[in-house]
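Please look over the sequence and the model shown below before reading on. The paragraphs that follow lead through the structure step by step.

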Amino acid sequence: MLYLIGLGLGDATDITVKGLEAVRSCSRVYLEAYTSILTVGKEALEEYYGKELVLADRDLVEQGADEILKDADVTDVAFLVVGDPFGATTHSDLVLRAVNAGIPYKVIHNASIMNAVGCCGLQLYNFGETVSVVFWTETWKPESFYDKISKNRAAGLHTLCLLDIKVKEQSIENMMRGRKIYEPPRFMTVSQAADQLMQIIHRRREEGEELGMTEDTVCVGVARLGSDHQKICTGSLRQLVSCDLGGPLHSLVVTGQLHPLEVDMLRVNAEPDALEHLQMIDSSTYTS
């Protein structure tokens with residue numbers, strides 16, 4: 001049996017009882033280590049679970065899946081994922097490989113950023129398409145995430161922005177030379193994501209485009225959701241450029257149309273004057 005087990009968002013104790021029992025019954029346990037991170041390291045997990053963990057990087061999961069699935073038809077193997085197992089499409093691929101190999105599988109779910117983000121005060125059924133915001137380089141500055149945010153806002157919907165993670169990445173030079181030398185891990189902050197959005201807004205305004213959001217659009221920065229040290233900050237996009245939410249992982253929410261209850265909840269973690277640009281559309285709807 002292949003078990004795909006969600007670990008939740010905080011630390012070692014966030015695993016479910018069902019998940020922990022499954023981990024302790026398995027002969028091999030892999031820890032997926034590239035789509036997200038917990039606030040504790042591999043050693044803390046091993047101590048709590050009572051099991052040795054094998055780190056599974058992107059190469060192993062995407063190109064060496066046969067190693068993970070080896071003998072899973074006659075023994076139990078666990079694949080641990082921070083958050084929920086189906087937060088990344090890679091894990092669907094692993095399930096399909098197991099099915100094609102005749103290996104039974106079981107999914108044990110847990111909390112993920114996709115539902116935990118509701119703690120910022122916005123109602124989950126008012127969210128549109130989730131987007132990923134990637135690190136820009138000098139030669140590559142995609143803007144598709146802005147277009148998707150604008151599309152959501154046009155429909156009155158909020159947008160959860162998942163911010164880029166660079167783990168075990170190679171420089172172009174080392175990749176071309178075939179050297180297995182990796183860059184230090186990098187985790188995009190709310191401030192960095194807000195700054196990239198600001199640059200897109202400025203450029204498109206100069207080109208005369210109709211804007212899908214502005215510097216005054218109300219946004220919410222969240223950090224380390226599910227941990228004892230989580231932080232939530234509501235502010236205009238401009239304010240979040242200078243907002244320091246501490247260590248990873250960060251996510252950004254861009255609001256759409258707001259119900260009065262959502263506005264009241266946003267005030268709980270709001271920066272001074274964060275909501276001053278809200279406009280009332282009707283008696284039960286606000287927008288920025």
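How far apart do the C-alpha centres of domain 1 and domain 2 lie? In this predicted model, the distance between the two centres is 29 Å. The contact between the domains draws on twelve residues from domain 1 and twelve residues from domain 2. As for the bounds, domain 1 covers residues 2-111 and domain 2 covers residues 114-287.

The next topic is a set of annotated positions. The UniProt record, an unreviewed entry, carries the annotation "binding site" for Leu9, Asp84, Gly87, Ser112, Ile113, Leu163, Leu225 and His250. Three of these positions, namely Gly87, Ser112 and Leu225, are followed here in turn.

Glycine 87 sits in the loop that runs between strand S4 (77-81) and helix H5 (89-100). Its relative accessibility is 64%, and glycine 87 therefore counts as exposed.

Serine 112 also has its place in a loop, the one between strand S5 (105-108) and helix H6 (113-116). Serine 112 is classed as buried because its relative accessible area is 13%, under the 20% limit for that class. When neighbours within four places in sequence are left aside, serine 112 is in contact with Leu9, Gly83 and Asp84. Of these partners, Leu9 and Asp84 are named in the UniProt annotation.

Leucine 225 belongs to the loop between strand S10 (218-223) and strand S11 (231-236). With a relative accessibility of 7%, leucine 225 counts as buried. Beyond its neighbours within four places in sequence, leucine 225 is in contact with Leu9, Ile113, Ala116, Val117, Cys119, Gln230 and Ile232. Leu9 is thus a contact of serine 112 and also a contact of leucine 225.

Attention now turns to charged side chains. Side chains of opposite charge can pair when their charged atoms come close. A search of the whole structure finds eleven salt bridges. One example joins arginine 97 and aspartate 93, whose closest N and O atoms are 2.9 Å apart. Because arginine 97 and aspartate 93 are four residues apart in helix H5, about one helical turn separates them. Arginine 97 counts as partly exposed at 33% relative accessibility, and aspartate 93 counts as partly exposed at 31%.

Another salt bridge is formed by the side chains of aspartate 147 and arginine 204, at 2.7 Å from N to O. This pair links distant parts of the chain, with aspartate 147 in helix H7 (residues 144-154) and arginine 204 in helix H9 (residues 190-206), 57 residues apart. Aspartate 147 is partly exposed at 37% relative accessibility, whereas arginine 204 is buried, with a relative accessible area of 9%. Arginine 204 also forms a salt bridge with glutamate 209, the closest N and O atoms being 3.5 Å apart. At 36% relative accessibility, glutamate 209 counts as partly exposed. These residues belong to a network of salt bridges that links Glu143, Asp147, Arg203, Arg204, Glu207 and Glu209.

Finally, which residues make a nonpolar surface patch of about 290 Å²? The patch is made by Leu261, Met265 and Val268. Valine 268 is placed in the loop between helix H11 (260-267) and strand S13 (279-282). Its relative accessibility of 60% is over the 50% limit, so valine 268 counts as exposed.

Methods
Residues are numbered from 1 along each chain as its sequence is written. This is a predicted model: local features need pLDDT of at least 70, side-chain atom pairs count only at pLDDT 80 or more; totals for chains, interfaces and linings use all residues. Side-chain values use heavy atoms; hydrogens and water are left out. Patches are made of residues with over 30% relative accessible area and no salt bridge: like charges are joined within 9 Å, nonpolar side chains (Val, Leu, Ile, Met, Phe, Trp, Tyr) within 5 Å. Accessible areas come from the Shrake-Rupley method with a 1.4 Å probe; for residues, only the protein chains shown count as cover. A salt bridge is a side-chain nitrogen of Lys or Arg within 4 Å of a carboxyl oxygen of Asp or Glu. Helices (H or I, at least four residues) and strands (E, at least two) are DSSP runs, numbered from the N terminus. Buried means under 20% relative accessible area, exposed over 50%, partly exposed in between (1.4 Å probe, protein chains only). UniProt positions are given in the numbering used here, feature names are shortened, and annotations may be inferred rather than shown by experiment. Contact means heavy atoms within 4.5 Å. Domain bounds come from an automatic or database domain assignment.
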